[in-house]
Amino acid sequence: MSNFTLHELQCFDAVVLGGGFQAAAERLHRSHPSVFAAVAKLERQLGLDLLDRSGYRVRLTEAGHAFHRKVRFLLHEAGELQTFAAQLAMGEEAELRVVLGDLCPLPPVLEMFSGFFAQCPQTRLHLQFETVTGPWERLLEDEADLMVHRVPQSDVRMESIDLGRVALVPVVAPGFLPFPPDSDITPQRMQAFTQCVVRDSARHPSEPGHFLVDGASQCSVPDHLMKKELILHGMAWGHVPRFMIETELRDGQLISIAGRHFPGVVEELSAARRRDRPHGPVADRLWGFLEGRAPVLRPALGRVPGAGKPPEHSPRS
């Protein structure tokens, strides 16, 4: 048996995944005859019929099924090796692109980055800010090397470090509601009041709106800071990250309406990067630096205070 090539295995895998030679050729950006020849050569070298060509669509034979499982593992390992080689070839990066999401408390996160980049004066930090699914889009389209935001748990392209929890608290200004802001407020009662929402900065938003009350009028803003100001001025109500409104909740400038019908939301704040992309030496050191310091958020920031209740005063909370 002669040695088969990585190209022949890639062609075989593409035929299996695409269901035919033409689909495989399009996937690999090669001609139909070249893909057909590569798979035929692989079968001759192995002395095995990997594909059943008797029907309209090619199908795996029993031997083909068993062989393909091994091929998938080998191609994955080859991809990992290519990524590792690219990492070795990289010098120290001149710039690292970090995107911060709208759920990111700036003081503790920027304190971390400040401590790291003070040790890397030759690498410039390029910060971006995006909202809702905008951070995901920047990362997945290779417009950022790292993001700090919530992570879509179903997306295996990302690996993440847990930095802590962020609570989003439904709040109103005093006097905004003509009835007591208690824990029994229903969505139906809130339909008469304008709800403020943050616009998704993604070019192609991948999620529907969150926490929306059906039938209620809405006003949209570019970020949570603007949302907070509108709510403080009695122009709307909405969910705001607790880290932005602890003082206002404590002083009574904002009132939580969290309860049975509006429980608030707790999101996991994470640092995330692509697991299927090479990372330079500075990016890898930053990743280890973040792992060594996580989590960084106070536990109280991940708790939703009940209706009318101020946040806890304990500095250790």
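Visitor: Which strand is joined to E6 by 10 bridges?
Guide: In this predicted model, strand E6 covers residues 158-172, and 11 of its 15 residues are buried. One pair in the ladder is valine 166 of E6 with its bridge partner in E11, glutamate 267. The two strands run antiparallel, and the partner joined to E6 by 10 bridges is strand E11 (residues 265-274).

Visitor: How many bridges pair E6 with strand E9, and in which sense?
Guide: Two residue pairs illustrate the pairing. Leucine 168 stands opposite proline 241 in E9, and valine 171 has glycine 238 as its bridge partner in E9. Strand E9 spans residues 238-241, and its pairing with E6 is antiparallel over 4 bridges.

Visitor: Which residue of E10 stands opposite valine 171?
Guide: Strand E10 consists of residues 255-256 and pairs with E6 in the antiparallel sense over 2 bridges. Valine 171 also has a bridge partner in E9, glycine 238. In E10, the residue opposite valine 171 is serine 256.

Visitor: Which residues of E9 point one way, and which the other way?
Guide: In a regular strand the side chains alternate between the two faces of the sheet. In E9, Gly238 and Val240 point one way, and all four residues of the strand are buried, whichever way they point. Those pointing the other way are His239 and Pro241.

Visitor: Is histidine 149 buried or exposed?
Guide: Histidine 149 is found in strand E5 (residues 146-149). Beyond its neighbours within four places in sequence, histidine 149 is in contact with residues including Gly101, Asp102, Trp136 and Leu269. Its relative accessible area is 0%, and a residue counts as buried under 20%, so histidine 149 is buried.

Visitor: Which backbone oxygen does the side chain of histidine 149 reach?
Guide: Val132 is among the residues in contact with histidine 149 when neighbours within four places in sequence are left aside. The side chain of histidine 149 comes to 2.7 Å from a backbone oxygen, that of valine 132.

Visitor: What is the distance between the C-alpha atoms of glycine 19 and valine 58?
Guide: Glycine 19 lies in the loop between helix H1 (6-18) and helix H2 (21-28), and it is buried, with a relative accessible area of 10%. Leaving aside neighbours within four places in sequence, its contacts are Ala14, Arg57 and Val58. Glycine 19 and valine 58 are 39 residues apart along the chain, and their C-alpha atoms are separated by 6.4 Å.

Visitor: What percentage of residues 4-61 is helix?
Guide: According to the UniProt annotation, from an unreviewed entry, residues 4-61 are covered by "domain: HTH lysR-type". Over this range strand makes up 7%, and the end C-alpha atoms are 19 Å apart. The helix content of residues 4-61 is 62%.

Visitor: Which element gives the most to the lining of the largest cavity?
Guide: The search of the whole structure finds 1 cavity of 30 Å³ or more, and the largest cavity has a volume of about 80 Å³. Two elements give two or more residues to its lining, strand E3 (95-101) and helix H10 (281-293). With 3 residues, the element that gives the most is H10.

Visitor: Which element provides the largest share of the lining of the largest pocket?
Guide: The largest pocket holds about 480 Å³ of space. Its lining comprises 18 residues, and those nearest its centre are Leu75, His76, Ala78, Gly79 and Glu80. H1, H2 and helix H4 (62-89) each give two or more residues to this lining. The largest share, 8 residues, comes from H4.

Visitor: Is histidine 29 buried or exposed?
Guide: Histidine 29 sits in the loop between H2 and helix H3 (32-46). Its phi is near 60 degrees, a positive value in a residue other than glycine. The relative accessible area of histidine 29 is 73%, and the cut-off for exposed is over 50%, so histidine 29 is exposed.

Visitor: What is the omega of the cis peptide bond that joins alanine 294 and proline 295?
Guide: Most residues other than glycine have a negative phi, and most peptide bonds are trans. Proline 295 is found in the segment after H10. The bond between alanine 294 and proline 295 is cis, with an omega of about -10 degrees.

Methods
Residues numbered from 1 in each chain as written. Predicted model: local features only at pLDDT ≥ 70, side-chain atom pairs only at ≥ 80, totals over all residues. Heavy atoms only, no water. UniProt positions renumbered as here; feature names shortened; annotations may be inferred. Buried < 20%, exposed > 50% of the residue type's maximum accessible area, 1.4 Å probe, protein only. Contact = heavy atoms within 4.5 Å. Polar contact = N/O pair within 3.5 Å; in protein donor to acceptor, adjacent residues only side chain to side chain. Pairing = 2+ DSSP bridges. 1 Å grid on protein atoms, 1.4 Å probe; cavity = no way out; pocket = protein on both sides within 12 Å on 5 of 7 lines; lining within 4 Å. Points joined across faces, edges and corners; volume = space filled by probe spheres on them.
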